[in-house]
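Work through the exercises below with the sequence and the model open beside you. Try each task before you read its solution.

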Amino acid sequence: MAQPVVEPLRTTDTLGKLHYREALSIRTPQSLALPESADDPAARQKYRPFILSNTAEEDWVSDLELTTALNMAENNLKNTNQRLKVLVLYGSLRKRSYSRLVAFEACRILFRLGCDVRVFDPEGLPVKNDVDHGHPKVQELRGLSQWSDGHIWVSPEQHGNLTAVFKNQIDWIPLSTGSIRPTQGRTLAIAQVCGGSQSFNAVNSLRILGRWMRMFTIPNQSSIPKAYTQFPDEGQPGDQRLMPSGNRDRLVDCMEEFVKYTILMRPHMDLFGDRFSEREEKRVKDAKHPFLY
């Protein structure tokens, strides 16, 4: 005899939470994406290749339940009148680069959450040397890092570590240029794509790099195994979009967490850069050359 289906007892607390969530969903904006009419046309064309056309297939990002992050982002935008500024770096120059495809998916999530997202194209960036500091691509990369509130780094794993294409970008970003620190105090989210089984070598290296660049790397991270199986075959409909999976969900988790951390930490960026050793160094210089300051 079939057992009757018994619904779980809804306590007052449970009902209260349900009503609270329903109320949130009613007033939560579906998207905080920067509309084209309010965007800088040059920035949109150059730095936002991830934006889908109006005729694109239904976008899974628009269906994500991101209530808490959307409400936080909306309140932050109202209070500061400033969007979170996010620089996205990826680590491959291949025509069909899975790190670029994953980076673009991350961008779409961040864009919906109201971020001003800019993707740097590493094509044409010279190999790190001591003579090309004035190269346009070098200056562009450094300017974007200085402009940003946080970074997203996505690298393939090759030969058990991150790629030269990715590391070269970080090598061109100095810890400091005079009093300017292009990365210090910024938040960072990291992800990697794997050609084979899941590995964490690249994200481990990215986390070390983030610490060395004096950035705050969020606890979560994404590693996508057999990345070529996570997208439809090239030439098929939606071949640049991640298919549903736990790996895709983890990427969403990371972007949601990144936005929350950045909202909380951005107001204190200058505080995190205030160091005793640097104050002491300045005091000594002032004492030696009192008339230069």
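The exercises cover ring pairs, charges over rings, one strand and its partners, unusual backbone angles and helix packing.

This is a predicted model, in which local features need pLDDT of at least 70, side-chain atom pairs count only at pLDDT 80 or more, and totals for chains, interfaces and linings use all residues. Residues are numbered from 1 along each chain as its sequence is written, and side-chain values use heavy atoms, with hydrogens and water left out.

**Exercise 1. Aromatic pairs**

Classify the ring pair Phe50 and Phe111, and say which parts of the chain the pair ties together.

Solution.
- Start with the descriptors. A pair of aromatic rings is described by the distance of the centres and the angle of the planes.
- Set the cut-offs. Rings of Phe, Tyr and Trp (its six-membered ring) pair if their centres lie within 6.5 Å; planes under 30 degrees apart are stacked, over 60 edge-to-face, and the rest tilted.
- Search the whole structure. Three aromatic pairs turn up.
- Apply the cut-offs. The centres of Phe50 and Phe111 are 5.5 Å apart and the planes stand at 75°, so this pair is edge-to-face.
- Place the residues. Helices (H or I, at least four residues) and strands (E, at least two) are DSSP runs, numbered from the N terminus.
- Phe50 sits in the loop between α2 (41-47) and α3 (67-80), and Phe111 in helix α4 (residues 98-112), so the pair ties together parts 61 residues apart in sequence.
- Check burial. Buried means under 20% relative accessible area, exposed over 50%, and partly exposed in between (1.4 Å probe, protein chains only).
- Phe50 is buried at 1% relative accessibility. Phe111 is buried too, with 8%.

**Exercise 2. A pair with a strand partner**

Do the same for Trp153 and Phe166.

Solution.
- Geometry: 5.6 Å centre to centre and 65° between the planes, which is edge-to-face.
- Location: Trp153 belongs to strand β3 (residues 150-158) and Phe166 to helix α6 (residues 164-171), so parts 13 residues apart in sequence are tied together.
- Burial: both Trp153 and Phe166 are buried.
- Backbone check: Val154 also lies in β3. The C-alpha atoms of Val154 and Phe166 are separated by 8.3 Å, twelve residues apart along the chain.
- Val154 is buried, at 1% relative accessibility.

**Exercise 3. Charges over rings**

Which charged residues lie over the faces of Trp172 and Trp60?

Solution.
- Criterion: NZ of Lys or CZ of Arg must be within 6 Å of the ring centre and within 35 degrees of the ring normal.
- Over Trp172 lies Lys128, at 5.1 Å from the ring centre.
- Over Trp60 lies Arg248, at 3.9 Å from the ring centre.

**Exercise 4. Strand β3 and its partners**

Which strands pair with β3, and in what sense?

Solution.
- Criterion: two strands pair if DSSP finds at least two bridges between them.
- Strand β1 (residues 85-90) runs parallel to β3, over five bridges. Here Val88 stands opposite Ile152.
- Strand β5 (residues 187-193) is also parallel to β3, joined by seven bridges. Ile152 stands opposite Ala189 in this pairing.
- Strand β4 (residues 161-162) is antiparallel to β3, over two bridges. Gln158 stands opposite Asn161.
- Burial: eight of the nine residues of β3 are buried, so the strand is largely enclosed by the rest of the structure.

**Exercise 5. Positive phi**

Where do His159 and Arg214 lie, and are they buried, partly exposed or exposed?

Solution.
- His159 is not a glycine, yet its phi is positive, about 50°.
- His159 lies in the loop between β3 and β4. That hairpin has two residues between the strands.
- His159 is exposed, at 81% relative accessibility.
- Arg214, also a residue other than glycine, has a positive phi near 60°.
- Arg214 falls in the loop between α7 (201-212) and β6 (216-217). Arg214 is partly exposed, with a relative accessible area of 30%.

**Exercise 6. Helix packing**

How do α3 and α4 pack against α8?

Solution.
- Descriptors: two packed helices are described by the angle between their axes and the distance between the axes.
- Axes are lines fitted to C-alpha atoms, for helices over the stretch in contact; angles run from 0 to 180 degrees between N-to-C directions.
- Classes: under 35 degrees is roughly parallel, over 145 roughly antiparallel, 65 to 115 roughly perpendicular, and the rest oblique.
- The axes of α3 and helix α8 (residues 246-265) come within 10 Å and cross at roughly 30°. The two are therefore roughly parallel.
- α4 and α8 pack at about 50°, with axes 10 Å apart. That makes α4 oblique to α8.
- Handedness: a crossing is left-handed if the near helix is turned anticlockwise from the far one by less than a right angle, and right-handed if clockwise.
- α3 passes α8 in a left-handed crossing, whereas α4 and α8 cross in the right-handed sense.
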